[in-house]
Amino acid sequence: MGAPILSCVKKDVPEIFMDVHMMVADPLRWVDDIADAGGSLYCFHYEATDKPLEVIAKIKSRGMKAGIAISPATPSTVITDEIAEAADMLLVMTVQPGQGGQKFRPECVPKVSELRARFPTKDIEVDGGVSPDTIGPCADAGSNVIVAGTALFRAQDPEGVIAGFKETVNKAQAKLAASRT
């Protein structure tokens with residue numbers, strides 16, 4: 001999409017929260033452009049930089065929330081306590097980044113559970129192949145933020161799909177909260 005499109009959206013819908021998932025080789029390079037365009041949350045890939053804390057600091061210095069994503073082959077342990085503390089959101093990719101319509105990879109779900117156990121109050125997002133058939137395991141593992149593209153765009157009733165996602169996530173979050181008390 002890029003900053004010019006974000007600027008147009010922000011101009012017409014000024015109150016919108018724009019969660020921008022940057023699948024780029026040099027995430028630090030684009031922070032200013034996305035901030036200037038009105039980005040609200042800038043999520044970058046751990047694999048794209050050897051200085052994730054520097055990227056997070058730059059994002060926050062521009063007034064945005066910071067998210068960090070891990071790809072299917074990357075273990076959840078790369079998200080150190082220091083990185084998780086600095087970031088506002090952790091994203092577990094459940095497909096290989098870069099192409100829509102891929103099949104959900106259930107072998108990625110344990111990473112969500114591992115991150116939720118280590119960071120019980122952090123926003124944890126899943127992205128890739130999430131559908132009415134796959135939302136349950138994601139939510140039960142602890143994901144409280146969901147990205148769904150193909151499942152919504154191909155749905156006969158997208159509003160119904162969204163409502164089902166919300167209900168599934170809310171029930172799972174309530175169950176997780178009850179287990180912590």
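Select Arg116 to begin: this residue is buried (under 20% relative accessible area with a 1.4 Å probe, protein chains only), yet Arg116 has no salt bridge, and the nearest side chain of opposite charge, Asp123, is 6.0 Å away. A salt bridge here is a side-chain nitrogen of Lys or Arg within 4 Å of a carboxyl oxygen of Asp or Glu. For charge, Lys and Arg count as positive and Asp and Glu as negative, with His and the chain ends not counted.

The model on screen is predicted: local features need pLDDT of at least 70 and side-chain atom pairs count only at pLDDT 80 or more, while totals for chains, interfaces and linings use all residues. Residues are numbered from 1 along each chain as its sequence is written, and side-chain values use heavy atoms, leaving out hydrogens and water.

Stay with Arg116, which is found in helix α5 (residues 109-118). Helices (H or I, at least four residues) and strands (E, at least two) are DSSP runs, numbered from the N terminus. Next add Asn144, whose side chain is joined to that of Arg116 by a polar contact of 3.2 Å. Such a contact is a pair of N or O atoms within 3.5 Å; within protein, one must be able to donate a hydrogen and the other to accept it, and residues adjacent in sequence count only if both atoms are side-chain atoms. Then show the backbone of Lys122: its oxygen lies 2.7 Å from a polar atom of the Arg116 side chain.

Now turn to the sheet. An open sheet is formed by 6 strands in the order β1-β2-β3-β4-β5-β6, with parallel pairing. Strands pair if DSSP finds at least two bridges between them. β1 and β6 (145-147) stand at the edges with a single partner strand each, so one side of each is left without a neighbour in the sheet.

Select strand β2 (residues 41-45), where 5 of 5 residues are buried. Which way do the side chains point? Leu41, Cys43 and His45 point one way from β2, and Tyr42 and Phe44 the other way.

Add strand β1 (residues 19-22), which runs parallel to β2 and is joined to β2 by 4 bridges. Within this pair, Val20 stands opposite Tyr42.

On to strand β3 (residues 65-70), parallel to β2 and joined to β2 by 5 bridges. Here His45 stands opposite Ala69.

Finish with strand β4 (residues 89-93), which pairs with β3 in the parallel sense over 4 bridges. Ala69 appears again, standing opposite Leu91 in β4.

How values were computed. Buried means under 20% relative accessible area, exposed over 50%, partly exposed in between (1.4 Å probe, protein chains only).
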